[in-house]
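Me: Hi! I have a structure open and would like to talk it through with you. Could you take a look?

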Amino acid sequence: MAQVQTYKLLSIAEIADEHDAILAAIADGDTEQADRALAVHLDRARARLRERMG
């Protein structure tokens, strides 16, 4: 997933916002929300990489 940042496929702000959502859910003890936030984050990264790689 480092390629997402290397190729600037998502902005630093987008990455930080997604990480913040994951960490906030963990801090709140909301494992279901943390799981959803992580899934969204990884899905977006994968989709951007697929677009980049063709």
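Me: Let's start with E14. Is it buried, partly exposed or exposed?
Reply: Happy to help! This is a predicted model, and in it E14 has a relative accessibility of 28%. It counts as partly exposed because that value falls between the 20% and 50% cut-offs.

Me: Which residue does E14 form a salt bridge with?
Reply: The partner is R44, and the closest N and O atoms of the two are 3.2 Å apart. E14 sits in helix 2 and R44 in helix 3, so this pair ties together parts that lie 30 residues apart in sequence.

Me: And how exposed or buried is R44 itself?
Reply: R44 is partly exposed, with a relative accessibility of 27%.

Me: What other salt bridge does R44 form?
Reply: R44 also pairs with E18, where the closest N and O atoms are 2.1 Å apart. That pair links distant parts of the chain as well, with R44 in helix 3 and E18 in helix 2, 26 residues apart.

Me: Why does E18 count as buried?
Reply: Its relative accessible area is 10%, and buried means under 20%, so E18 falls in that class.

Me: What is E18 in contact with, beyond its sequence neighbours?
Reply: Leaving aside residues within four places in sequence, E18 is in contact with L10, H41 and R44. With H41 there is also a polar contact of 2.3 Å between the two side chains.

Me: Where does H41 sit, then?
Reply: H41 is in helix 3. Its relative accessible area is 11%, which means that H41 is buried.

Me: Which residues does H41 touch?
Reply: Apart from neighbours within four places in sequence, H41 is in contact with I15, E18, H19 and I22.

Me: Which other residues of helix 3 are buried?
Reply: Besides H41, the buried residues there are A34, A37, A45 and L49.

Me: While we're on helix 3, how does its span compare with what you'd expect?
Reply: It agrees with the expected span. Helix 3 covers residues 31-53, and at 1.5 Å a residue its 23 residues should span 33 Å, while its end C-alpha atoms are 32 Å apart.

Me: What comes just after helix 3?
Reply: G54 does, and it takes a positive phi of about 80 degrees.

Me: Back to charges. How many salt bridges does the structure hold?
Reply: There are 3 of them. We've covered R44 with E14 and R44 with E18; D43 with R46 is another, at 3.1 Å from N to O.

Me: How far apart are D43 and R46 along the helix?
Reply: They are 3 residues apart in helix 3, so about one helical turn separates them. D43 is partly exposed at 45% relative accessibility, and R46 is partly exposed too, at 34%.

Me: Which residues get joined into a network by shared salt-bridge partners?
Reply: E14, E18 and R44 form one network.

Me: Why can such side chains pair up at all?
Reply: Opposite charges on side chains can pair when the charged atoms come close.

Me: Switching topic: what's the overall layout of the protein?
Reply: Along the sequence the pattern is α-α-α, with 3 helices and 0 strands.

Me: How much of the protein is buried?
Reply: Of its 54 residues, 22% count as buried. The accessible surface comes to about 4000 Å², and carbon and sulfur atoms account for 54% of that.

Me: What share of the contacts is long-range in sequence?
Reply: If you take contacts between residues at least 6 apart in sequence, 55% join residues at least 24 apart.

Me: Last one. Which element has the lowest mean pLDDT?
Reply: Helix 1, residues 2-6, has the lowest mean at 57, whereas helix 2 has the highest at 93. For the protein as a whole the mean pLDDT is 86, and 83% of the residues reach 70 or more. Where pLDDT is low, the predicted coordinates should not be read in detail.

Key
Residues numbered from 1 in each chain as written. Heavy atoms only, no water. Contact = heavy atoms within 4.5 Å. Helix = DSSP H or I, 4+ residues; strand = E, 2+ residues; numbered from the N terminus. Expected span 1.5 Å × (residues − 1). Buried < 20%, exposed > 50% of the residue type's maximum accessible area, 1.4 Å probe, protein only. Areas by Shrake-Rupley, 256 points an atom, 1.4 Å probe, with all protein chains shown as cover. Salt bridge = Lys/Arg side-chain N within 4 Å of Asp/Glu carboxyl O. pLDDT = per-residue confidence, 0-100. Polar contact = N/O pair within 3.5 Å; in protein donor to acceptor, adjacent residues only side chain to side chain.
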